[in-house]
Each structure stands twice: as structure tokens, then as C-alpha cells.
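Colleague: Let's go through this model together. I'll ask, you answer.

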Amino acid sequence: MTEEKEEVGPGMPANDPGDSDAGDFSDDGALRSPEDRLAAVEAELADTKDRLLRALAETENVRRRFQREREDAQKYAISGFAKDLLTVVDNLRRALDAMPEAEVTDPRTRSLIDGVAATERELLAAFERYGLKRIDPKGERFDHNFHQAIFEAERPGAPAGTVIEVLQPGYVLHDRLLRPAMVGVAKGGGKPVDDSDDAA
């Protein structure tokens with residue numbers, strides 16, 4: 001059995017893959033020097049490295065964004081439920097305010113009031129455990145980020161811009177406002193409250 005050898009005639013290239021010099025030529029057909037080929041490989045490597053670093057940075061940004069969104073979802077997931085419970089707390093407080101303890105003489109009525117007060121305390125304690133805090137700013141400076149002014153009135157001795165009455169307390173969930181406090185603000189009659197007073 002004889003092996004047939006492929007003949008290579010004049011003008012016919014050999015099919016040996018090791019003899020391929022296609023990468024040794026530049027675009028215009030001229031033979032490239034080893035330095036040129038090395039520079040081209042280094043440029044391609046630098047470009048590939050740059051693209052890889054950008055892809056890694058983008059992946060890290062996506063991971064951080066996802067982590068932040070997940071933490072926010074865990075932190076503020078109860079906001080809708082908590083907002084619905086605020087009216088319950090308001091009604092408990094109204095019930096307690098409607099019946100001052102000093103006017104209660106019947107032991108059964110006193111027991112009922114004590115039960116309502118205990119329920120309010122337990123509910124507020126549960127709010128605190130989950131990061132829900134009450135805003136009751138009477139006597140503090142008005143802050144439009146957390147308070148909603150319902151009226152302005154002159155109050156002797158109260159500096160302008162001070163909260164003189166809280167009509168409805170506000171609430172924040174961690175650092176996010178859930179409901180602003182509805183307040184009455186002093187119009188004048190005293191020295192306006194400014195940042196220099198806070199610093200003193």
C-alpha cells in the first residue's frame with residue numbers, strides 16, 4: 001500500500017498549516033516586522049483588558065444596585081401596612097383625650113381607659129421595634145421636610161417659625177417620611193428662630 005503525496009507544483013501553495021504567514025502581512029500586503037506584530041498584539045491585549053475591566057466594573061455596579069434595592073425593600077416593605085395602622089393609633093389617642101382621667105370615677109370606665117392606654121403603648125412600642133418613629137414637634141422649629149403647616153397664629157413669647165400646636169403627629173419609617181406632622185406655627189411676636197440659635 002503506497003501513500004499518495006500531494007504534489008506541490010510551481011505557483012501552488014503547500015497545505016501545511018505551519019507555513020501560513022497570513023498574519024505576517026499588513027493590510028497593504030507588505031511584510032510586517034516582528035516589532036509591528038508585537039505592537040499589534042499588545043494593542044489588542046490592552047483593548048481586551050480595557051473591555052474586561054469595564055465589564056467587571058459594570059457587573060459590580062449592578063451587584064451593588066441590586067443589594068441596595070434589596071435592603072430598601074426589606075427596610076421599607078412595611079410602609080403600606082404601617083401607614084394603615086396610623087389611623088388606629090390616632091383613634092386610640094382621640095379616645096384617651098376624649099375622657100380625661102381626672103373626670104373618671106367609675107372603676108370599670110377607668111379600667112377601660114387603662115386598657116386603651118396600654119394598647120396604645122404596645123402599638124407604639126411595636127412601631128419603634130420596626131423603625132417607625134413618631135414626630136411630635138411642639139416647641140421645635142418648623143421644618144418643611146417633616147411638618148405640614150395648617151395655620152399660623154401670633155403667640156406671645158413664641159419665636160416666629162416655632163411649632164405652637166400639633167394637630168396630628170407625623171411618622172418616619174427609618175429615615176423616610178411616612179406622614180408629616182400637621183402643625184400650627186407662630187407667626188410673630190418673638191425673635192425668629194434661625195440656624196445661629198440652633199448652634200448656640
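**Salt bridges and surroundings**

Modeller: To start, a salt bridge joins the side chains of Asp50 and Arg54, at 3.0 Å from N to O. Keep in mind that this is a predicted model.

Colleague: Which helix do Asp50 and Arg54 both lie in?

Modeller: The two residues are four positions apart. That spacing is about one turn of the helix. The helix is H1.

Colleague: Is Arg54 buried, partly exposed or exposed?

Modeller: Its partner Asp50 has a relative accessible area of 33%, so Asp50 is partly exposed. Arg54 has a relative accessible area of 57%. The cut-off for exposed is over 50%. Arg54 is therefore exposed.

Colleague: Which residue forms a salt bridge with Arg51?

Modeller: The closest N and O atoms of this pair are 3.0 Å apart. Both residues sit in helix H1, four residues apart, so about one helical turn separates them. The partner is partly exposed, at 39% relative accessibility. It is Asp47.

Colleague: How many residues apart are Glu120 and Arg93?

Modeller: Their side chains meet in a salt bridge, 2.6 Å from N to O. The pair links distant parts of the chain. Glu120 is in helix H3 (residues 107-129) and Arg93 is in helix H2 (residues 79-98), which puts them 27 residues apart.

Colleague: Is Glu120 buried or exposed?

Modeller: Arg93, the other half of the pair, is partly exposed at 30% relative accessibility. Glu120 has 6% relative accessibility. Buried means under 20%. Glu120 therefore counts as buried.

Colleague: Which residues are joined into one network by salt bridges that share partners?

Modeller: A search of the whole structure finds seven salt bridges. Some of them share partners. The network joins Glu60, Arg63 and Arg64.

Colleague: Which residues form the negative surface patch?

Modeller: One member, Glu69, lies in helix H1, which covers residues 34-76. Patch residues have no salt bridge. The patch is formed by Glu69, Glu71, Asp72 and Asp175.

Colleague: In what order do the elements of the protein chain run from the N terminus on?

Modeller: The chain has four helices and six strands. From the N terminus on, the order is α-α-α-β-β-β-β-β-β-α.

Colleague: What share of the contacts with a separation of 6 or more comes from residues 24 or more positions apart?

Modeller: The protein chain has 200 residues, of which 20% count as buried. Its accessible surface comes to about 15,100 Å², with 54% belonging to carbon and sulfur atoms. For the contacts, the share is 62%.

Methods: Residues numbered from 1 in each chain as written. Predicted model: local features only at pLDDT ≥ 70, side-chain atom pairs only at ≥ 80, totals over all residues. Heavy atoms only, no water. Patch = residues over 30% accessible without salt bridge, like charges linked within 9 Å, V, L, I, M, F, W, Y side chains within 5 Å. Areas by Shrake-Rupley, 256 points an atom, 1.4 Å probe, with all protein chains shown as cover. Salt bridge = Lys/Arg side-chain N within 4 Å of Asp/Glu carboxyl O. Lys, Arg positive; Asp, Glu negative; His and termini not counted. Charge placed at Lys NZ, Arg CZ, Asp CG, Glu CD. Buried < 20%, exposed > 50% of the residue type's maximum accessible area, 1.4 Å probe, protein only. Contact = heavy atoms within 4.5 Å.
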